[in-house]
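Please open the structure in your viewer, with the sequence panel alongside, and follow the stops below in order. Each stop names a selection to make and then describes what is found there.

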Amino acid sequence: RLTMSPARCKPPIASAMFPLFLVLFGVGDRTKISVAAFGATLVILFNVAYGVMNARKTRLLAAKVMGASRFRILMDVMLLESLPQTFVGLRNGVSLALVIVVVAEMFIGSTDGLGNRVFEAQQLFAMPDMYAAIFAAGALGYGLNLFFLIIERHFVHWAGR
């Protein structure tokens, strides 16, 4: 049984997988997307598993006593019980994917993207452009996190109660 939440656990660093994904997909956008999807998927899966493992046992037992089928228990109890932690995983996964894409754009040899803009501005000592690109990446991350928070509050309004 897990005693520590996945938010505090460090999953395998997806950026360490860059060489493997470069060999598989070559240099290009597919590599960046693949590495970001791989890293985000790991975070989301760990959080979903954590949410399922920590589902309230009383609700599961109550559904079994009332004669619910395994499918109904899965859909009506386990899905709803794990949804708050699943949304935490989605928010963390999107944040990690953004970081991985920006880092990949900086170091894989991309010709576009925020990471490339930061890298080129740094090489040319164009500090205002560099900080503008860093600020844009931060604003994008903040906006995505806010978007997922709004969706979470809409669909999982009972979380934390």
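Before selecting anything, bear in mind that this is a predicted model.

**Stop 1: the N-terminal helix pair**

Begin with helix α1, residues 18–25, and add helix α2, residues 29–53. The axes of these two helices come within 9 Å and cross at roughly 135°, which makes α1 oblique to α2. The crossing of α1 and α2 is right-handed. To display the contact itself, select F18, F21, L22 and F25 on the α1 side, together with R30, T31, S34, V35 and F38 on the α2 side. Sorted by class, the residues of this contact of α1 with α2 comprise six nonpolar, two polar and one charged.

While α1 is still selected, pick out L20, which lies within this helix. Is L20 buried, partly exposed or exposed? With a relative accessibility of 43%, L20 counts as partly exposed, because the partly exposed class runs between the 20% and 50% limits. If you draw a distance from the C-alpha atom of L20 to that of V35, 15 residues apart along the chain, the viewer should give 9.5 Å.

**Stop 2: a glutamate in helix α4**

Move next to helix α4, residues 70–107, and centre the view on E81. The relative accessible area of E81 is 15%, and E81 is therefore classed as buried, the limit for that class being under 20%. Which residues does E81 touch, leaving aside those up to four places away in sequence? They are G51, A55, R56 and R59. Show the side chains of E81 and R59 in particular, since a polar contact of 2.7 Å joins them.

**Stop 3: helix α5 against helix α4**

Keep α4 in view and add helix α5, residues 114–123, whose buried residues are G115, N116, V118 and A121. These buried residues of α5 pack against both α4 and α6, the latter spanning 127–155. Taking α4 as the initial partner, you will find that the axes of α4 and α5 come within 7 Å and cross at roughly 45°, an arrangement that makes α4 oblique to α5. The crossing of α4 and α5 is right-handed. At the contact, V102, E105 and M106 in α4 meet L114, G115, N116, V118 and F119 in α5. By class, this contact of α4 with α5 consists of five nonpolar, two polar and one charged residues.

**Stop 4: helix α5 against helix α6**

Now hide α4 and display α6 beside α5. These two helices pack at an angle of about 160°, with their axes 8 Å apart, and α5 and α6 are therefore roughly antiparallel to each other. The crossing of α5 and α6 is left-handed. The residues to select are L114, R117, V118, A121 and Q122 of α5 and D129, M130, A133, I134, A136, A137 and L140 of α6. Divided by class, the contact of α5 with α6 has nine nonpolar, one polar and two charged residues.

**Stop 5: the loop between α5 and α6**

Finish by selecting F125, which lies in the loop between α5 and α6. What is the sign of phi at F125? The phi of F125 is positive, near 55°, in a residue other than glycine. With a relative accessibility of 68%, F125 counts as exposed.

Notes
Residues are numbered from 1 along each chain as its sequence is written. This is a predicted model: local features need pLDDT of at least 70, side-chain atom pairs count only at pLDDT 80 or more; totals for chains, interfaces and linings use all residues. Side-chain values use heavy atoms; hydrogens and water are left out. Helices (H or I, at least four residues) and strands (E, at least two) are DSSP runs, numbered from the N terminus. Buried means under 20% relative accessible area, exposed over 50%, partly exposed in between (1.4 Å probe, protein chains only). A polar contact is a pair of N or O atoms within 3.5 Å; within protein, one must be able to donate a hydrogen and the other to accept it, and residues adjacent in sequence count only if both atoms are side-chain atoms. Contact means heavy atoms within 4.5 Å. Axes are lines fitted to C-alpha atoms, for helices over the stretch in contact, and angles run from 0 to 180 degrees between N-to-C directions. Angles under 35 degrees count as roughly parallel, over 145 as roughly antiparallel, 65 to 115 as roughly perpendicular and the rest as oblique. A crossing is left-handed if the near helix is turned anticlockwise from the far one by less than a right angle, and right-handed if clockwise. Ala, Val, Leu, Ile, Met, Phe, Trp, Tyr, Cys and Pro count as nonpolar, Asp, Glu, Lys and Arg as charged, and the others, Gly among them, as polar.
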